[in-house]
Structure formats: structure tokens, C-alpha cells
Amino acid sequence: MGQGIAYEEMVGRWLTALHNRRVIHGQWFTYSHGRGHANVCQPDFIILPTRRKFPHLLVIEVKLVGHRSAAEKLLDLYLPVVARALNATPRGVIICRRLGDWRGYGIQLTPLFDLQDVYSLPEGKIGTLTW
């Protein structure tokens with residue numbers, strides 16, 4: 001097993017411990033750009049909302065090293081696809097072991113981040129967590 005997969009599994013155990021049954025790992029989505037063929041994508045994790053405390057879906061991408069391409073994929077692909085598929089307003093977070101070349105994209109979160117911080121992110125920004 002590669003380091004990236006092992007890290008993703010470790011993050012998954014941590015997220016499940018924090019959010020119990022609301023964590024979905026590796027859900028596939030089919031989407032189309034209107035060019036006649038279907039595409040697929042698979043965000044690493046989705047945390048389902050609760051009615052009172054956490055009103056939005058949370059889409060999480062896990063990387064050993066956070067790069068600009070991961071942030072762009074989350075902003076340009078995963079968030080719009082999940083929003084349309086689930087009729088929701090998702091928020092995005094990248095969890096990485098260390099930051100790479102994309103520090104300007106995200107707002108740094110603490111390891112025990114309050115999801116309210118994620119829900120109040122400005123449009124076009126995502127939360128970043130080094131863990």
C-alpha cells in the first residue's frame with residue numbers, strides 16, 4: 001500500500017471518529033460537460049450535514065502534499081458536481097500532511113477544526129488542514 005492511500009485511510013478513521021456515521025468515503029459521481037459523454041469523479045470524503053449544527057455538506061480531498069492542482073480540482077470539479085448531484089451547497093477542505101505550492105488558496109484550520117469555520121469561508125476559498 002502506498003503512503004498516500006495509508007494516509008487517506010488514517011484520515012478516514014479520524015474523520016469517522018469525529019463525525020461517526022455522517023462520513024462517506026470514495027463516493028463516485030457521474031457528470032457531463034454537455035459534450036455527449038459521461039465523466040466520473042470521486043472525492044475522497046463527504047461529511048453529511050446535520051440539521052442544526054452543521055447545515056452544509058463538507059467535501060474533503062486528502063493529499064500527502066497540498067498542491068494548487070488539488071485545490072483547483074476541489075473548487076472546479078468536486079464542489080460543483082456534488083452540489084448538483086445532491087442539491088446542496090457543499091464546502092471544501094483539503095487535508096494534507098504538509099503544504100506545497102498553493103498556500104494562497106486556503107484558509108488554515110486547526111487540527112480540531114470547528115466546522116462552522118468551514119461554513120463561513122468566503123466564496124472561492126477552501127479550508128486547509130495540515131495533519
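**Group meeting: a walk through the fold and its two cores**

Okay, so what we have here is a protein with three helices and eight strands. Keep in mind that this is a predicted model. If you trace the chain from start to end, the order goes α-β-β-β-β-β-α-β-β-α-β.

Some overall numbers next. The protein has 131 residues, and 44% of them count as buried. Take the contacts with a separation of 6 or more: 57% of those are between residues 24 or more positions apart. As for the surface, about 7,700 Å² is exposed, with carbon and sulfur atoms supplying 51% of that.

Let's start at helix α1, residues 3-19. That's 17 residues, and from first C-alpha to last the helix reaches 24 Å, close to the 24 Å expected at 1.5 Å a residue. Which residues of α1 are buried? They are Tyr7, Glu8, Val11, Gly12, Trp14, Leu15 and His19. Here's the textbook bit: an α-helix has 3.6 residues a turn, so residues three or four places apart point the same way. Have that in mind when you look at the buried positions Tyr7, Val11 and Leu15. Just after the helix, Asn20 takes a positive phi of about 50 degrees.

Now zoom in on Leu15, which sits in α1. Its relative accessible area is 0%, so Leu15 counts as buried. Who does Leu15 touch, leaving aside neighbours within four places in sequence? The partners are Asn20, Val23, Phe45, Ile47, Ile60 and Ile95. Ile47 is 32 residues away along the chain, yet the C-alpha atoms of Leu15 and Ile47 are separated by 8.6 Å.

On to the cores. The largest nonpolar core has 17 residues, and the members touching the most other members are Cys41 and Leu74. Two elements give two or more residues to this core: β2 (29-32) and α2 (68-86). Of these, α2 gives the most, with nine residues.

Cys41 is a nice one to click on. Again skipping neighbours within four places in sequence, Cys41 is in contact with Gln27, Trp28, Phe29, Tyr31, Leu77, Tyr78 and Val81. Among those, Phe29 and Tyr31 fall within the β2 range of 29-32, while Leu77, Tyr78 and Val81 fall within α2, residues 68-86.

And there's a second, separate core, this one with 15 residues, including Tyr7, Val23, Ile47 and Val93. Some of those names came up earlier: Tyr7 is one of the buried residues of α1, and Val23 and Ile47 are among the contacts of Leu15.

That's the tour. Happy to go back to any of these residues on screen.

Definitions and conventions
Residues numbered from 1 in each chain as written. Predicted model: local features only at pLDDT ≥ 70, side-chain atom pairs only at ≥ 80, totals over all residues. Heavy atoms only, no water. Helix = DSSP H or I, 4+ residues; strand = E, 2+ residues; numbered from the N terminus. Buried < 20%, exposed > 50% of the residue type's maximum accessible area, 1.4 Å probe, protein only. Contact = heavy atoms within 4.5 Å. Areas by Shrake-Rupley, 256 points an atom, 1.4 Å probe, with all protein chains shown as cover. Expected span 1.5 Å × (residues − 1). Core = buried A, V, L, I, M, F, W, Y, C linked by side-chain atoms within 4.5 Å.
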